[in-house]
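This report walks through a single protein chain, beginning with its general character and moving on to aromatic pairs, charges over rings and backbone details. The sequence and the structure come before the discussion.

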Amino acid sequence: MSNSKLTFQRLARKSIPIPIFLGMVYLSWAYSYYICWNEVYKHHSKATGIGLIIGNIAFILLIYFIWCQLLIMNPGVQPKMPVFKLLEDGDDASYRWVHPPEYFMCDAHGYPTWCNSCQSIKVDRSHHSSDLNRCVARMDHYCTFLGTTIGKRNYRLFLQFCFWYLCYFIYIGVSMACFTRSYKIRHGSVNANTIILYVASLGWIILIFALFSSHIYYIFKNRTSIDDMAAKRNRRAKSLNEEFINISHEEKRYVLRVSSMKDGIWNKGFAKNWVEIMGNNMIFWIIPWRSPLEHLGDESSNDYYSIIGDYKEEISESFKKSLVKRIQADDYISSS
């Protein structure tokens, strides 16, 4: 595909949030004017009408505040990782290397995945983002509606955006339902803007509820949208998604065949999975502010864990124990 076509596609994709933003402005105005002002304020209660307008404005400002954070904050660009020193063949100063971690996902030969674009090892669960042209730690998806990539660093903000966006349209739908009947009795019919509000609110409630609930399920299983799509492809093909892990045990390294969907490699239980995404501070589970990740890695370090920081992915203890049992039973591909 030519560069001009790629540029056009990227611009078209980036422009999708604009009509959504303008649509939100229109819906907010229509609700405030036709429902809160013309109906509630003039014919029911001035205090209630003003209160509903203030609530509407507060919701809109909160939603745009989260949206701005998502656009400004990067999704978790993985620090560039040097090659792993898997063989003890002396200290070669001709290239930069680090000692490998205790375990990492690999190919059938025990080698980690290399990203030619980033010139870096792709750490566990990282995927290359064409939008950022960098690997993103635990990349989930590119959100066309928001115009940004969702990864480990901004995933909590994405969930909070979905939650408050859903609450906003429930707020509009419920408050409209309380006063639409009296409006229809007074005027004989419902205003076209009110009908649009109903249709838009119902549509967004269904869409966002489905999206939000699916991501709660992903947290429950410690999955990503990419993991889920891979699992669906494998089910259609009626095959297991074969993966491999390189793990250190008793001063040797072993390569074993695994399946992240079947074995639940990353699933540490809902409570631990939830804290891993949402952080330990329960206040910020609701208040949308920044990211729970604090240490974003130090590319200048010569230690794997210092380089990767909070982007490190941990396998579950039960899965680690199962790997040790398999090694003891000689159920592995190779050792070194």
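## Overall character

Of the 336 residues in the protein chain, 45% are buried. The model is a predicted one, and its protein chain contains 11 helices together with 12 strands. Measured out along the principal axes, as computed from the model, the C-alpha trace spans about 85 × 45 × 40 Å.

The surface that the protein chain exposes comes to about 18,000 Å², with carbon and sulfur atoms supplying 60% of that area. When contacts between residues at least 6 apart in sequence are considered, 68% of them join residues at least 24 apart. As for charge, the chain carries 38 positive and 28 negative charges, and the mean positions of these two sets lie 14 Å apart.

## Aromatic pairs

The count of aromatic pairs in this model comes to 31. One of them is formed by F65 and W289, whose ring centres are 6.2 Å apart and whose planes meet at 5°, so that the pair is classed as stacked, the cut-off for this class being an angle under 30 degrees. Because F65 belongs to helix α3 (residues 46-72) while W289 belongs to the loop between α9 (283-286) and α10 (304-308), the pair ties together parts that are 224 residues apart in sequence. Both partners retain some accessibility: F65 is partly exposed, with a relative accessible area of 36%, and W289 is likewise partly exposed, at 41% relative accessibility.

Another pair is that of F163 and F212, in which the ring centres lie 6.1 Å apart and the planes stand at 45°, so this pair is tilted. It also links distant parts of the chain, since F163 is in helix α4 (residues 155-187) and F212 is in helix α5 (residues 192-221), with their positions 49 residues apart in sequence. The two phenylalanines fall on either side of the 20% limit that defines burial: F163, at 28% relative accessibility, counts as partly exposed, whereas F212, at 18%, counts as buried.

## Charges over rings

Aromatic rings in the model also have charged partners, among them the ring of Y142, over whose face R13 lies at 4.1 Å from the ring centre. A second case involves K85, whose charged end sits over the ring of W97 at 4.3 Å from the centre of that ring.

## Positive phi angles

Which phi value does N222 adopt? The angle is near 55°, which is a positive value in a residue other than glycine. N222 is located in the loop between α5 and α6 (225-237), and at 5% relative accessibility this residue counts as buried.

E251 likewise has a positive phi while not being glycine, with an angle near 65°. This residue is found in the loop between β10 (243-249) and β11 (252-258), and its relative accessibility of 81% places E251 among the exposed residues. Taken from C-alpha to C-alpha, E251 and D330 are 16 Å apart in space, although 79 residues separate their positions in sequence.

Key:
Residues numbered from 1 in each chain as written. Predicted model: local features only at pLDDT ≥ 70, side-chain atom pairs only at ≥ 80, totals over all residues. Heavy atoms only, no water. Phe/Tyr/Trp six-rings, centres within 6.5 Å; stacked < 30°, edge-to-face > 60°. Helix = DSSP H or I, 4+ residues; strand = E, 2+ residues; numbered from the N terminus. Buried < 20%, exposed > 50% of the residue type's maximum accessible area, 1.4 Å probe, protein only. Lys NZ or Arg CZ within 6 Å of the ring centre and 35° of its normal. Contact = heavy atoms within 4.5 Å. Areas by Shrake-Rupley, 256 points an atom, 1.4 Å probe, with all protein chains shown as cover. Lys, Arg positive; Asp, Glu negative; His and termini not counted. Charge placed at Lys NZ, Arg CZ, Asp CG, Glu CD.
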